[in-house]
Every structure is written in C-alpha cells, then in structure tokens.
Amino acid sequence: MEIKELSKYSTAEKILLAEKIWDSVSKKSVELSSEIKNELDDRLHILQEGKAELYSLEDVKKHIQKLRKK
C-alpha cells in the first residue's frame, strides 16, 4: 500500500489502521541507543528532583503561535 492510497479511506478507517499499526509494534522491538537511554534517564532524574521547567498546553500553544508569526 502506498501513502497516496490512504485518501480513499474514511477518517475512521484511517484511525483503525493507525491503531492496528501501533498495536503491532511491541515495546520489545523498539531499540534505544545508550545515548538516548542516558538522555531519558537524565530528564527523568531532573523531573523527579523538581528541577524541570514545565509548561502548560496553553503556554506551548502561545509559543507556537508567536513562532508562526515571525
């Protein structure tokens, strides 16, 4: 199947297809490099220490809107 063929399917059918694809990918088959694992561990550690800077969804939307206006 080619991506351009997806246009013939309804939105609901596309969502079902996406769910089937997602379900077919097991966590065991996703391999992370040691660099990525270390980065994720560092970020989790920062979050657990309360040192992470968190943003609300509204803040993120506003930031994106500002970037688009440039």
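Visitor: In which helix is lysine 66 found?
Guide: This is a predicted model, in which local features need pLDDT of at least 70, side-chain atom pairs count only at pLDDT 80 or more, and totals for chains, interfaces and linings use all residues. Residues are numbered from 1 along each chain as its sequence is written, and side-chain values use heavy atoms, with hydrogens and water left out. Helices (H or I, at least four residues) and strands (E, at least two) are DSSP runs, numbered from the N terminus. By that numbering, lysine 66 is found in helix α3.

Visitor: Is lysine 66 buried or exposed?
Guide: Buried means under 20% relative accessible area, exposed over 50%, and partly exposed in between, with a 1.4 Å probe and protein chains only. Lysine 66 has a relative accessible area of 58%, so the residue counts as exposed.

Visitor: What distance separates the C-alpha atoms of lysine 66 and tryptophan 22?
Guide: Along the chain, lysine 66 and tryptophan 22 are 44 residues apart. In space, their C-alpha atoms are separated by 33 Å.

Visitor: Which pattern does the chain follow along the sequence?
Guide: The chain has three helices and zero strands. Read along the sequence, this gives the pattern α-α-α.

Visitor: What is the radius of gyration of the chain?
Guide: The radius is taken over C-alpha atoms, and the globule rule is 2.2 Å times the number of residues to the power 0.38. For 70 residues the rule gives 11 Å, and the chain is well over that, so it is more spread out than a compact globule. The C-alpha atoms fill a box of roughly 50 × 40 × 20 Å along the principal axes. The radius of gyration is 19 Å.

Visitor: How many salt bridges does a search of the whole structure find?
Guide: Side chains of opposite charge can pair when their charged atoms come close. A salt bridge is a side-chain nitrogen of Lys or Arg within 4 Å of a carboxyl oxygen of Asp or Glu. The search of the whole structure finds four.

Visitor: Which residue forms a salt bridge with glutamate 39?
Guide: The partner lies four residues away in helix α2 (residues 34–48), which means a separation of about one helical turn. Glutamate 39 is partly exposed at 39% relative accessibility, and its partner is exposed at 55%. The closest N and O atoms are 2.8 Å apart, and the partner is arginine 43.

Visitor: What is the N to O distance in the salt bridge of lysine 61 and glutamate 58?
Guide: These two residues are three apart in helix α3 (residues 57–69), so about one helical turn separates them. Lysine 61 is partly exposed at 42%, and glutamate 58 is partly exposed at 45%. Their side chains meet at an N to O distance of 3.8 Å.

Visitor: Which residue forms a salt bridge with lysine 4?
Guide: Lysine 4 is exposed, at 62% relative accessible area, while its partner is partly exposed, at 46%. The closest N and O atoms are 3.7 Å apart, and the partner is glutamate 2.

Visitor: Where does leucine 32 lie?
Guide: Leucine 32 has a relative accessible area of 39%, so this residue counts as partly exposed. As for its place in the chain, leucine 32 lies in the loop between α1 and α2.
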